[in-house]
Amino acid sequence: MSGGEAGATRLTASLAARARRGLLLIGLLAVLLSGVHLLWTHYQLRLAAMAGTLAMVAELSAEHVDDTLQHHLAAVAVLGALAPVESDWPRYLGEVRTRFPAFVTMLVADARGDVLASVPALPAGSRQNVADRAYFSEPMRHGRPYVSDVFRGRGHGNEPIVAVSAPLFDAEGRMAGVVEGSMLSDDVVRIRTGLMARGDLALLLLDGAGQVVHASAGLPFAPLDRLPPDRLRTVLEQADGRTLHRLAGLYADGASGLLVATVTPLGWRIAVIVPEARLRGELLLDLFKLLLPALLAVVAVWWVSARVARRFVDPLREVIARLRLFAFHADPQPIRLAGAPRELAELAEAFNHLIDRLGRAFRDVNQALAVQKRLREQLERVVAEREQEIARRTEELRLAVDALREDSLTDALTGVGNYRGYRLALDRLWAQALERGMPLAALVIDIDYFKFYNDSLGHPEGDQCLRAVAAILRDLARRERAELGRSGGEEFVLLLPDRDSAAAARVAEQVRRAVETAAMPHPDSPSGRVTVSVGYASRGPGDERGAEALIAAADQALYRAKREGRNRIAGAA
Ligand SMILES: Nc1nc2c(ncn2[C@@H]2O[C@H](COP(=O)(O)OP(=O)(O)OP(=O)(O)O)[C@@H](O)[C@H]2O)c(=O)[nH]1
């Protein structure tokens, strides 16, 4: 797979995955926010409902306690008001006890507090006077029925009990004693606590003196306890039958609880308590009930969205694959999307048009490029041919120029350098001598009595003589690495690089002798042969007089040689 293909796969994968991820995130966020909101609302509702429930139970419990006490109070009051003082008290008391089984004991005492009768019968030897008990003294003092606070019994055991008592009247309506019934403190609320325990509710009942009459199992109190001066006591003292209180460490195991407290008509106080954990449990259950459908909805939406996304992504992949075929392999396959959404089908159609047009444009461009290439090759061929022609002509021209330059520097008669050639050679060799710090020597050679030669043998013979002398000098020049030139008429110059005056004298003598030795006949020369006179000079770089002075010195020397008789050499001073 090429880099482009990998990029396309990544693109489509990330498109679908990102859509799904985004949707899932939004869904979860919505569920979370609505869950938190609903949970908070539920919490508030639960709290309100809990407050209502506890308030109602507290109210009912208060009424129940009051009813229980009032019923039992009514029983002893009726007995005290209606039964004759000399009644068969054991039978009366027994019948009442049968009808009010919550009475664990009942007794009748006379005005002094002596017990006249008791059910069950008091054990032999137990105390028979109850004048010190509030259930006796209070009715006797006020002449009204009385409900006691909780206290510890002594006649039939010492459990915590609550007593109800009423005055006993004789036939004349005078107070003749007291009728009393005792109930176990737990029995005052027994029915109610059984119901409540099933509802996880606990009940705490305090009498008018603030002593515990009843505390449900799980609470850290027992009958007759007094509450410590903590928050619970404050809540009970300020009981209003409505407000929901949350108290930590309310249960014996340290658990916290929610409670509502109320006051009974008798002035007793009741607190109905529920463990706070129960509210939390209910809240968790609420949360579960709320979130489960929401989560199921999110998953369903996610699943549906994935299917919808695939409906878009698959055709997009097809479009990309076709475009890649065209882009990388120039393969213009039309895009066909079966069952794709309308928008994507339109997109594919547009791409098909584009691919078609691009394909045609591509072909046109290729053809144009092929024509252009052919033309360029032709042009290159022509240019190459022209360049070869130019090179050939240039070479011919160069050769012609060289020949011309050679001709312009060569003496046509003798083939040695002409005056111009000799001057150029002189300048070049003098510059070279200066540069190398070496001397340059010059020989000026003149044929003797040449006028006579011409005169007697004719000008053409004179030319021939000049050519012969030039040939001798050319051989010598070659051997001596010297430059030869015809400076004019019958005069030649030989330039000898790196030669001092002595070396120049040696070469001058060689020249003179070579011409003489050639023995060319000269009818008007004293020697009968063609001879030359040679003047020579040598100058070093330190000589400021220059090349002209060198030639002038050699000329001077030549004149001296002529003057001194010819066919000789003479050096410059
Ligand atoms: N044939 C021929 N003669 C030439 C040429 N150039 C110069 N001459 C002749 O060379 C002669 C030179 O004569 P002069 O200068 O008087 O010298 P000379 O006769 O050689 O006498 P000295 O040099 O004093 O020995 C002249 O008669 C010129 O006409 C040439 O190219 N061809």
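**Briefing on a predicted chain: loops, sheets and a long helix**

Alanine 519 has a relative accessible area of 37%, which means that this residue counts as partly exposed, since the partly exposed class lies between 20% and 50%. The model in which this residue sits is a predicted one, and its chain has 573 residues, of which 40% count as buried. In secondary structure, the chain comes to twelve helices and 16 strands. The points below begin with the whole chain and then turn to particular strands, helices, loops and side chains.

**The chain as a whole**

- The accessible surface of the chain comes to about 31500 Å², and 58% of that surface belongs to carbon and sulfur atoms.
- Among the contacts with a separation of 6 or more, 59% are made by residues that stand 24 or more positions apart in the chain.

**Strand S10 and its two partners**

- Strand S10 covers residues 257–263, and six of its seven residues are buried, so this strand is largely enclosed by the rest of the structure.
- Strands of a sheet pair through backbone hydrogen bonds, and they may do this in either a parallel or an antiparallel way.
- Strand S9, made of residues 245–247, runs antiparallel to S10 and is joined to it by three bridges; leucine 247 has glycine 257 in S10 as its bridge partner.
- Strand S11, made of residues 269–275, also runs antiparallel to S10, and here seven bridges join the two strands; leucine 258 has valine 274 in S11 as its bridge partner.
- S10 and S11 form a hairpin with five residues between the strands, and within this hairpin glycine 267 takes a positive phi near 95 degrees.

**The five-stranded sheet and its helices**

- Five strands make up an open sheet with mixed pairing, and their order across the sheet is S13-S14-S12-S15-S16.
- The edges of this sheet are strand S13 (483–488) and strand S16 (569–571), each of which pairs on one side only.
- On average, and with direction ignored, neighbouring strands of this sheet are turned by 20 degrees against each other.
- At one end of the order, strand S15 (residues 532–539) runs parallel to S16 and is joined to it by three bridges; tyrosine 536 has glycine 571 in S16 as its bridge partner.
- Helix H11, made of residues 501–518, packs on the sheet and touches S12, S14, S15 and S16, while its direction makes about 165 degrees with that of S15.
- Helix H10, made of residues 459–480, lies across strand S12 (440–447), S13 and strand S14 (491–497), and it runs at about 0 degrees to S14.

**Loops with unusual backbone angles**

- Aspartate 498 is found in the loop between S14 and H11, and it has a positive phi of about 65 degrees although it is not a glycine.
- The relative accessibility of aspartate 498 is 31%, so this residue counts as partly exposed.
- Alanine 519, the residue that opened this briefing, is found in the loop between H11 and S15, and it has a positive phi of about 55 degrees although it is not a glycine.
- Proline 120 lies in the loop between strand S2 (115–119) and helix H3 (134–142), and the peptide bond that leads to it from valine 119 is cis, with omega near -15 degrees.

**Helix H7 and isoleucine 355**

- Isoleucine 355 is found in helix H7, which covers residues 342–409, and its relative accessibility of 4% makes it count as buried.
- Leaving aside neighbours within four places in sequence, isoleucine 355 is in contact with Leu323, Phe326, Pro332, Gln333 and Ile335.
- Although isoleucine 355 and aspartate 331 are 24 residues apart along the chain, their C-alpha atoms are separated by 9.4 Å.
- An unreviewed UniProt entry places the feature "coiled-coil region" at residues 365–396; in the model this span is 100% helix and 0% strand, and its end C-alpha atoms lie 46 Å apart.

**Aromatic pairs**

- A pair of aromatic rings is described by the distance of the centres and the angle of the planes.
- The structure holds seven aromatic pairs; in one of them, the rings of tyrosine 449 and phenylalanine 452 have their centres 6.0 Å apart and their planes at 5 degrees, so this pair is stacked, a word used for planes under 30 degrees apart.
- Tyrosine 449 is partly exposed at a relative accessible area of 23%, and phenylalanine 452, at 39% relative accessibility, counts as partly exposed too.

Notes
Residues numbered from 1 in each chain as written. Predicted model: local features only at pLDDT ≥ 70, side-chain atom pairs only at ≥ 80, totals over all residues. Heavy atoms only, no water. Phe/Tyr/Trp six-rings, centres within 6.5 Å; stacked < 30°, edge-to-face > 60°. Buried < 20%, exposed > 50% of the residue type's maximum accessible area, 1.4 Å probe, protein only. Helix = DSSP H or I, 4+ residues; strand = E, 2+ residues; numbered from the N terminus. Pairing = 2+ DSSP bridges. Axes fitted to C-alpha atoms, helices over the stretch in contact; angles between N-to-C directions. Contact = heavy atoms within 4.5 Å. UniProt positions renumbered as here; feature names shortened; annotations may be inferred. Areas by Shrake-Rupley, 256 points an atom, 1.4 Å probe, with all protein chains shown as cover.
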